[in-house]
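Open the model in your viewer and keep the selection tool at hand. We will go from the whole chain to its interior.

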Amino acid sequence: MAPARVVAVMLLAVGSVLLSVAADTTTVPSPEPFIWQKAHATFYGGADASDTMGGACGYGNLFSEGYGTRTAALSTVLFNDGAACGQCYKIACDRKRADPLFCKPGVTVTVTATNFCPPNDALPNDDGGWCNTPRPHFDMAQPAWEKIGVYKGGIIPVMYQRVPCVKRGGVRFKINGHDYFNLVLVSNVAAAGSIKSMDVKSSDSDDWMPMARNWGANWHSLVNLTGKMLSFRLTNTDGHTIVFNDVVPKGWTFGQSFVSKLQF
């Protein structure tokens with residue numbers, strides 16, 4: 001066989017092997033990149049953010065719960081009836097659209113969604129009705145807002161993107177309510193930050209029982225679980241699931257909080 005034909009045959013053989021290997025390799029699609037989007041941002045809560053406590057997500061004292069002053073209330077389209085509670089956003093002043101007197105370019109701040117900014121239909125969307133549908137808007141804790149804007153500006157155009165949340169320690173659970181109504185607050189959630197579904201299982205059962213979002217980051221069950229050892233199963237909005245086995249000990253009472261050792 002001529003040398004040229006030998007080389008051609010060898011190349012065909014190598015190509016066939018490579019195609020075979022490629023056919024047997026599962027290609028894992030890359031996650032969708034977080035993209036920058038346009039919005040506007042105002043601020044509330046005072047210079048120390050003390051008036052941002054509580055809120056529509058139900059986290060209560062944002063300082064003791066680990067959220068601090070890097071928080072924001074979201075407009076209707078972003079809040080999504082509480083499904084966005086706990087999500088994290090990186091925000092920057094949009095220098096291309098902002099008055100340079102009120103913008104701090106080149107700086108970003110990351111906030112956690114902890115509250116709802118309600119619409120004000122009595123005011124126009126572009127003149128006071130900042131959180132009206134369909135506007136994406138962040139009403140940020142003042143210390144966070146002042147990282148990217150100058151106080152006198154009041155409102156600035158921003159660019160924002162969803163980012164993974166970074167939290168210290170494990171996911172936390174607080175149980176409120178009463179017999180046959182267990183209201184569980186889920187907080188300090190890393191990664192996606194928000195929860196898509198939640199189930200509960202008591203120590204005297206092998207069955208997982210679905211819970212329903214009640215409001216904000218609070219989920220409820222209508223079964224009598226009082227005092228029983230409890231496990232929770234959480235699935236975040238990225239589709240990842242963690243089982244928190246026996247995270248609530250036997251003999252618990254309403255109003256108690258429990259810190260797990262697990263995190264997304």
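Start with the whole protein, a predicted model. Of its 264 residues, 42% are buried. Show the surface next: the protein exposes about 13900 Å², and carbon and sulfur atoms supply 57% of that area.

Switch to cartoon. You should find three helices and 14 strands. Now turn on contacts between residues at least 6 apart in sequence: 69% of them join residues at least 24 apart.

Colour by pLDDT. The mean is 89, and 88% of the residues reach 70 or more. Then select residues 1–32. Here the pLDDT is below 50, and beyond near neighbours in sequence the stretch has two contacts in the model. Where pLDDT is low, predicted coordinates should not be read in detail.

Hide that stretch and go inside. Which residues touch the most other members of the largest nonpolar core? Select Tyr89, Ile91, Phe138 and Met140; the core has 31 residues, and these four hold that place.

Trace where the core comes from. Each of these elements supplies at least two of its residues:

- strand 1 (37–44), strand 2 (71–74) and strand 3 (88–93)
- strand 4 (108–116), strand 5 (137–141) and strand 6 (156–163)
- helix 2 (76–79) and helix 3 (142–145)

Centre on Tyr89. Leaving aside neighbours within four places in sequence, Tyr89 is in contact with Leu74, Leu78, Ala84, Val109, Thr110, Val111, Ala113, Phe138, Tyr160, Gln161, Arg162 and Val163.

Last stop: a second, separate core. Select Val171, Ile195, Met198 and Met211, which are among its 21 residues.

Note on methods
Residues are numbered from 1 along each chain as its sequence is written. This is a predicted model: local features need pLDDT of at least 70, side-chain atom pairs count only at pLDDT 80 or more; totals for chains, interfaces and linings use all residues. Side-chain values use heavy atoms; hydrogens and water are left out. A nonpolar core is a set of buried Ala, Val, Leu, Ile, Met, Phe, Trp, Tyr and Cys residues joined through side-chain atoms within 4.5 Å. Buried means under 20% relative accessible area, exposed over 50%, partly exposed in between (1.4 Å probe, protein chains only). Helices (H or I, at least four residues) and strands (E, at least two) are DSSP runs, numbered from the N terminus. Contact means heavy atoms within 4.5 Å. Accessible areas come from the Shrake-Rupley method with a 1.4 Å probe; for residues, only the protein chains shown count as cover. pLDDT is the predictor's confidence in each residue, from 0 to 100.
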